[in-house]
Amino acid sequence: RFSPAKRSTSWRGRYGMGPDELVILHVSRLVREKRLDTLTAALRQLTVPHRVLIVGDGPEREFVQGELPNAIFTGFLAGEDLAAAYASSDIFVFPSDSESFGNVTLEAMASGLPCVCADATGSRSLVAAGETGFLAPADDAAAFARHITTLAQGRALRAALGEAARLRAQSFSW
């Protein structure tokens with residue numbers, strides 16, 4: 001289901017994102033344990049042009065909307081819409097350190113996205129630092145912002161890490 005082939009200019013347009021805009025994606029239940037404080041602080045530090053896409057819902061949605069008023073919130077997505085959200089984005093960010101296994105990270109990788117994730121058990125077992133994305137301490141928004149900026153400024157680096165992420169994701173099975 002998750003593949004770079006699901007990238008869609010029309011899907012992006014439906015949410016007001018242009019075909020050439022850099023889209024930074026976060027997918028999760030919007031709850032405190034996903035380290036939404038780190039996510040929002042990191043994204044607020046960015047000085048590179050970008051759009052933020054938040055997929056998911058939960059009790060902390062109002063907090064995230066207050067911190068990122070220009071972000072696009074889709075609410076909960078499933079099936080082909082979720083696959084299109086991943087594939088139509090450019091960078092995946094996931095600072096949660098409470099995952100035992102990060103399905104959303106694996107879905108992002110399968111979609112060809114370089115990932116910036118918490119250096120924690122769930123993400124560390126998926127993301128090969130410097131090869132498929134970057135890892136940062138879950139409470140270090142500045143480190144997340146630096147890694148996101150590195151990817152935002154390097155189209156070739158994004159492509160290389162995204163392809164490596166896709167290949168790594170294919171090595172996992174049920």
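1. In this predicted model, helix α5 passes helix α8 in a left-handed crossing. The two helices pack at an angle of about 120°, with their axes 7 Å apart. On the α5 side the meeting residues are L106, M109 and A110, and on the α8 side they are G162, A165, R166, R168 and A169. By residue type, this contact of α5 with α8 divides into five nonpolar, one polar and two charged.

2. The surroundings of α5 deserve a careful look, since the helix, which spans residues 103–110, has seven of its eight residues buried and is therefore largely enclosed by the rest of the structure. The buried residues are V104, T105, L106, E107, A108, M109 and A110. They pack against the strands β1 (23–27), β4 (91–94) and β5 (115–118), and also against the helices α4 (79–87), α6 (121–124) and α8 (155–169). Just after α5 comes G112, which takes a positive phi of about 85°.

3. Helix α4, one of the elements against which the buried residues of α5 pack, is itself mostly covered, with seven of its nine residues buried. Those buried residues are G79, L82, A83, A84, A85, Y86 and A87. Their cover includes the helices α1 (9–14) and α5, together with the strands β1, β2 (51–55) and β4.

4. Within α4, a reader may wish to follow Y86, which is buried, with a relative accessible area of 0%. Leaving out residues up to four places away in sequence, Y86 touches F2, L25, V27, F92, V104, E107, A108, S111 and L113. Of these, V104, E107 and A108 are among the buried residues of α5, so that the contacts of Y86 can be read together with the packing described in point 2. As for a position that lies further along the chain, Y86 and G18 are 68 residues apart, and their C-alpha atoms are separated by 15 Å.

5. The aromatic residues form a further topic, as the structure holds five aromatic pairs. In one of them, the rings of F92 and F94 have their centres 5.9 Å apart and their planes at 20°, so the pair is stacked. Both F92 and F94 are buried. Ring pairs also link F2, Y86, F92 and F94 into a cluster, in which Y86 is the residue of helix α4 discussed above.6. A second helix pair to examine is that of α2 (residues 36–45) and α7 (residues 141–153), whose axes come within 8 Å and cross at roughly 50°. That angle makes α2 oblique to α7, and α2 passes α7 in a right-handed crossing. The residues that meet are T38, A41, A42, L43 and Q45 in α2, and A141, A142, F144, A145 and I148 in α7. In this contact of α2 with α7, eight residues are nonpolar, two are polar and none is charged.

7. Which residues does T38 contact, once its neighbours within four places in sequence are left aside? They are P95, A138, D139, D140, A141 and F144, and two of the residues named here, A141 and F144, belong to the α7 side of the contact with α2. T38 is found in helix α2 and is buried, with a relative accessible area of 3%.

8. The backbone at R35 should be checked with some care, because most residues other than glycine have a negative phi. Phi of R35 is near 60°, a positive value in a residue other than glycine. R35 is found in the loop between β1 and α2.

9. Finally, R7 is found in the segment before α1 and is partly exposed, with a relative accessible area of 38%. R7 and A87 are 80 residues apart in sequence, yet 4.4 Å apart in space, C-alpha to C-alpha. Not counting residues up to four places away in sequence, R7 touches R12, A87, S88, S89 and D90. Among these, A87 is one of the buried residues of α4, whose cover includes α1.

Terms used
Residues numbered from 1 in each chain as written. Predicted model: local features only at pLDDT ≥ 70, side-chain atom pairs only at ≥ 80, totals over all residues. Heavy atoms only, no water. Axes fitted to C-alpha atoms, helices over the stretch in contact; angles between N-to-C directions. Helix = DSSP H or I, 4+ residues; strand = E, 2+ residues; numbered from the N terminus. Parallel < 35°, antiparallel > 145°, perpendicular 65-115°, else oblique. Left-handed = near helix turned anticlockwise from the far one by under 90°. Contact = heavy atoms within 4.5 Å. Nonpolar A, V, L, I, M, F, W, Y, C, P; charged D, E, K, R; others polar. Buried < 20%, exposed > 50% of the residue type's maximum accessible area, 1.4 Å probe, protein only. Phe/Tyr/Trp six-rings, centres within 6.5 Å; stacked < 30°, edge-to-face > 60°.
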